[in-house]
Each structure stands twice: as structure tokens, then as C-alpha cells.
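Me: Please take a close look at one residue in this chain, and set out carefully what surrounds it and how that part fits into the rest of the fold.

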Amino acid sequence: MTRFDDALADDEWQQTLRQQPFGQLIAVGPDRLPMVVPAHFRYDDAGFIELHLRRDNPILPLLMEEPKAMFTTLDAHVYIPSTWNGEAGLPSEWRAPTSYYASVQITGKVEVIGDPDGIAQILQRQIAQMQPEGGYGMIATGSSPYGRMLAAIRGVRLDIEHVRSKFKFGGNKSDEYADAIAARLLERGGEGDARAREHLLRRRG
């Protein structure tokens, strides 16, 4: 990582966690190889993320045995072809492709939550974030529409202790270069291009 790719402030990586609520939970497996589980999550401004998994998910015993984990998320990842990349006047044979992306990796202590009321609260907060338009039933223990489902679920809370983030959007290039890439991203209009262009222009200040 170079200083050009560092987060400009804590709010930059925090905003990525707010806007990209899907990632991968990683724990160390019994054979010392990592176990990776994809999941939606919710970032809380108090400094933690929370999510839920089925109670038979094989990562849960690992988290209970060693209550530490990593969570990663990735946003605005796009391919920058060699024909785009490079300062004006650079011969084409000296140009190389690159990638733009925002990545956040967080690590910290983990709590596995088995209490049905605690699980219901996590689910309520998650669905309120993911489905703000409503249309879902009350999430609570007992005879609620979700009541019987809670027994099959476990909550996971990861308190953020360390953050590694990278915002790779040509920060070491000239304004002329950035303008040219931004124009090409707008013209291409592929998946992720709008978000990458947003990061590129924002980080120019």
C-alpha cells in the first residue's frame, strides 16, 4: 500500500462499510487454513459490525473457540485497460493495465450471540437497513412471523480493533490523467464504473 491509496480520513472507510453491506467473514480453521463465509452485515457507528448465520454454519464453532476474526469488503472494483492508463504522450507499448478498487479489512474480537432476543434485535436492525421501504413482519420471539426462525440462527458481533483500507484510484497521477480516466469511465458505463468515478473525483478534492 502506498500513501496515495490511504484513506483520507476514518470516515472514508466507514462510509464504505455503510454503503457496501456485503463481505466475507474469515476465521482460522482447525487445519490452520482460513474459513471464509460470505454474508450481509451492518456497520454500527459505535465501532462494530453485526450479522447473522445459520446455527449449523461451520465457522461458528471456530469463532467460539477463538473469538477473533477478520471481515473484508470490496467496492467499486473496475479494470482500467492499458490503452487508458498512462500519462499523455506515453507510447502505447509502455502502458500497462491496472485496477481501481476500494477495500476495507477489519479485525477484532467476536461474540457469537445465541440469545433469541439478541438475535431478533440484530435481524431487526439488519432488515431495517437493507429494506427501508418496510413490508416485513415484526421480528421478535414468541408467536411473531419470525419467532420460530430465530432458533435456527446465531448472531455475530465483531468489535473493530484494527482497520486496513486501500482506495486505489490513481492518486499518484496528474489531474489531467484523472480527468481522462473519469471521462472514459463515464463513457464506458459498466458495472462499478460510476462508483469508481465517484471515488476518483472525490479523492481529487
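**Thr73 and its surroundings**

Reply: In this predicted model, Thr73 has its place in strand S5, a strand that covers residues 68–80. Thr73 has a relative accessible area of 4%, and because buried means under 20%, Thr73 counts as buried.

What does Thr73 touch, leaving aside its neighbours within four places in sequence? The residues in contact with Thr73 are Thr16, Leu17, Gln20, Phe22, Gly23, Phe41, Ala102, Ser103 and Val104. With Gln20 there is also a polar approach, since the side chain of Thr73 reaches the backbone oxygen of that residue at 3.4 Å, and the cut-off for a polar contact is 3.5 Å. A further relation across the chain is that of Thr73 to Ile106, which lies 33 residues away in sequence, with 8.9 Å separating the two C-alpha atoms.

Two of the residues that Thr73 contacts, Thr16 and Leu17, belong to the buried set of helix H1 (residues 10–19), which also includes Glu12, Trp13 and Gln14. The buried residues of H1 pack against strand S5, and also against strands S3 (42–44), S6 (98–113) and S8 (162–168) and helix H5 (193–204).

Helix H5 in turn packs with helix H4 (residues 175–188), at an angle of about 160° and with the axes 9 Å apart. That angle makes H4 roughly antiparallel to H5, and the crossing of the two helices is left-handed. On the H4 side the residues that meet H5 include Asp175, Ala178, Ile181, Leu185 and Arg188, and among their counterparts in H5 are Asp193, Ala196, Leu200 and Arg204.

As for the nonpolar interior, the largest core has 38 residues, and those with the most contacts inside it are Leu25, Ile49, Leu51, Leu53, Leu63 and Leu158. Of these, Leu53 touches Leu25, along with residues that include Val37, Ile59, Ala152 and Val156, not counting residues up to four places away in sequence. Apart from this core lies another, of nine residues, among them Ile119, Ile122, Ile127 and Ile139.

Turning to the chain as a whole, there are five helices and eight strands, and from the N terminus on they run α-β-β-β-β-α-β-β-α-β-β-α-α. Buried residues make up 40% of the 205 residues. Among contacts between residues at least 6 apart in sequence, 72% join residues at least 24 apart, while the C-alpha trace spans about 70 × 45 × 25 Å along its principal axes.

Terms used: Residues numbered from 1 in each chain as written. Predicted model: local features only at pLDDT ≥ 70, side-chain atom pairs only at ≥ 80, totals over all residues. Heavy atoms only, no water. Core = buried A, V, L, I, M, F, W, Y, C linked by side-chain atoms within 4.5 Å. Buried < 20%, exposed > 50% of the residue type's maximum accessible area, 1.4 Å probe, protein only. Contact = heavy atoms within 4.5 Å. Helix = DSSP H or I, 4+ residues; strand = E, 2+ residues; numbered from the N terminus. Polar contact = N/O pair within 3.5 Å; in protein donor to acceptor, adjacent residues only side chain to side chain. Axes fitted to C-alpha atoms, helices over the stretch in contact; angles between N-to-C directions. Parallel < 35°, antiparallel > 145°, perpendicular 65-115°, else oblique. Left-handed = near helix turned anticlockwise from the far one by under 90°.
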